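Q: Could you take me through the pockets of this protein, and the parts that surround them? I'm in my first year, so please explain the terms as you go.

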Amino acid sequence: MNLEEEYSKLDDPEVLKFIDDNLHTPIPDLVLKGSPFKAIDIDLLINQIVGKKKARKKLPTWYKNEKIIYPPKVNLEQTSSEITALHKAKVVHGSSLIDLTGGFGIDDYYFTKKIGEVTYVELNQDLYNIAEHNFKLLKVRNISCFNQDSIEYLQNTQSIFDWVYIDPSRRNKGQKVFLLENSLPNILNHKSLFKDKCRNLMIKTSPMYDIEMGYKELFGIKELHIVSVKNDVKELLWSIDWREKNSKVIKMYNYDEENKYSVSKYDKDQTYSNINVEDCQEYLYEFNSSIMKSGLNDDIALKYKLKKLENNTNLYTSENRINSFPGKLYLVKNSESVNFKKLKHRYKNEFTNLISKNFKLTTSQIQNKLNCKIGGDTDFLIFTKTIEGYKVIEASKL
Ligand SMILES: C[S@@+](CC[C@H](N)C(=O)[O-])C[C@H]1O[C@@H](n2cnc3c(N)ncnc32)[C@H](O)[C@@H]1O
């Protein structure tokens, strides 16, 4: 039986119903019961169930198509989301792009919407088969797929590409890794090959990857994008152009549920003066996660004329409200020294939200002490260290 016949068994209405009915069944139960369909392996059904569940939010276009084939969970975890794939497609331009780490093909699907001819290369045969099948299903015509080592492919091709894209595998011998030297392929070993074969290079690295290390290990950096979705850093994207000299321009994006984003741009090369520290004023500010990852929070706070609560407390304050602030903004109602007895009296069984920043207790330890309930839209108790010692700040989120 060829692969298309194998995949087509999953299109059967009864099979599709079984998958939908079991989206919330614990996986061990499914394994125990086994496949109710003689010709379909339970592992294949589990991949579809796990894949569909994950795709609902992460990959809505794939989720809408019942016939999409999903890879095992371990591969699905490594794919880009639709939002971040769309972001990358906005960055690239030109007529040719090669993806050296094709995977499930999410990034490439969006690259094909922007670039004339996309080349997908993937080492893992099962993933390659699945991606190729799905590209056909999604009617992608301007893509060529190759199941081989992409470094060898690049070494042997005569083509020069407008872009090379690499999202190296962050699993090596079953272990999760985040350093470039441990990711696959090890791109640090092939810098001159990339330089010979493309005009622009885009490298995706883990959110855990150290930015300063990136500036040391890579070269020709034109721009770094720090991409967050709902205030969670998802990707660091390094755009490299050999013709330009290294630049430390960082763009920090934060996408919301509706794919709208805010962006801040900064040049890390410029030098700024030190930020002033001051006790809590009328407004309190917490930067979004992309800005925190950039390490430019103090510099950006200076631009907004903010003060910091304490050298190691990443909360900022001002007398005037700054609506364009890239992050969360609170109106301060009260700020005082922490007295748990008094706070318990006031908040026992009441709803509030807790934040612990540079404070000796975690939010769950604080909740245990206060016996409060967590919830409510705008009320916050912020436990933190200020220039005047440990404080609790009562505030409303604006
Ligand atoms: C993080 S995943 C890519 C995910 C992809 N960007 C997506 O959105 O679906 C990395 C992929 O690179 C593949 N890979 C690693 N080394 C490779 C090599 N030398 N040649 C081709 N593919 C490779 C892995 O098998 C894995 O599927």
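A: Let's start with how to read the model, then go through the open pockets, the closed cavities and the packing around them.

This is a predicted model, in which local features need pLDDT of at least 70 and side-chain atom pairs count only at pLDDT 80 or more, while totals for chains, interfaces and linings use all residues. Residues are numbered from 1 along each chain as its sequence is written, and side-chain values use heavy atoms, with hydrogens and water left out.

First, the layout. The protein chain is divided into domain 1 (3-70), domain 2 (82-267) and domain 3 (283-397), with bounds that come from an automatic or database domain assignment. The centres of domain 1 and domain 3, taken over C-alpha atoms, are 44 Å apart.

Now for the word "pocket". On a 1 Å grid over the protein atoms alone, a pocket is an open set of points with protein on both sides within 12 Å along at least five of seven lines, whereas a cavity is a set of points where a 1.4 Å probe fits but cannot get out; lining residues have an atom within 4 Å of a point. Grid points are joined across faces, edges and corners, and the volume is the space filled by probe spheres set on the points.

The largest pocket holds about 870 Å³ of space. It has 32 lining residues, and the closest to its centre are Lys-58, Glu-77, Thr-79, Ser-81 and Lys-234. Helix 4 (42-58), helix 7 (82-91) and strand 9 (232-241) are the elements that each give two or more residues to this lining. Helices (H or I, at least four residues) and strands (E, at least two) are DSSP runs, numbered from the N terminus. Where does the largest pocket lie? Domain 1 and domain 2 both give residues to its lining, so the largest pocket lies between them.

What is that lining made of? In the largest pocket you'll find 10 nonpolar, seven polar and 15 charged residues. Here Ala, Val, Leu, Ile, Met, Phe, Trp, Tyr, Cys and Pro count as nonpolar, Asp, Glu, Lys and Arg as charged, and the others, Gly among them, as polar.

Strand 9 also leads us to an odd spot. In the loop between strand 8 (221-229) and strand 9 sits Asn-231, which has a positive phi of about 65° although it is not a glycine. Most residues other than glycine have a negative phi, and most peptide bonds are trans. Asn-231 counts as partly exposed because its relative accessibility is 30%; buried means under 20% relative accessible area, exposed over 50%, and partly exposed in between (1.4 Å probe, protein chains only).

On to the second largest pocket, with about 590 Å³ of space. Its lining has 29 residues, and Thr-101, Gly-103, Glu-122, Ser-169 and Leu-184 lie nearest its centre. Two or more lining residues come from each of helix 6 (73-76), helix 8 (106-111) and helix 10 (150-156). By class, this lining has 11 nonpolar, 12 polar and six charged residues. Leu-184 has its own quirk: the peptide bond from Leu-184 to Pro-185 is cis, with omega near -10°. You'll find Pro-185 in the loop between strand 6 (175-176) and helix 11 (191-197).

Then there are the closed spaces: two cavities of 30 Å³ or more. The largest cavity has a volume of about 70 Å³, and helix 11 and strand 7 (198-205) each supply at least two of its lining residues. That lining has nine nonpolar, no polar and one charged residues. The second largest cavity has a volume of about 40 Å³, with a lining of three nonpolar, three polar and two charged residues.

Finally, the packing. A nonpolar core is a set of buried Ala, Val, Leu, Ile, Met, Phe, Trp, Tyr and Cys residues joined through side-chain atoms within 4.5 Å. The largest has 51 residues, and Leu-45, Trp-62, Leu-97 and Phe-104 have the most contacts inside it. Helix 4, which also helps line the largest pocket, gives the most to this core, with six residues. Domain 1 and domain 2 each supply at least three residues to this core. Leu-45 touches residues including Leu-10, Phe-18 and Ile-40, not counting residues up to four places away in sequence; contact here means heavy atoms within 4.5 Å.
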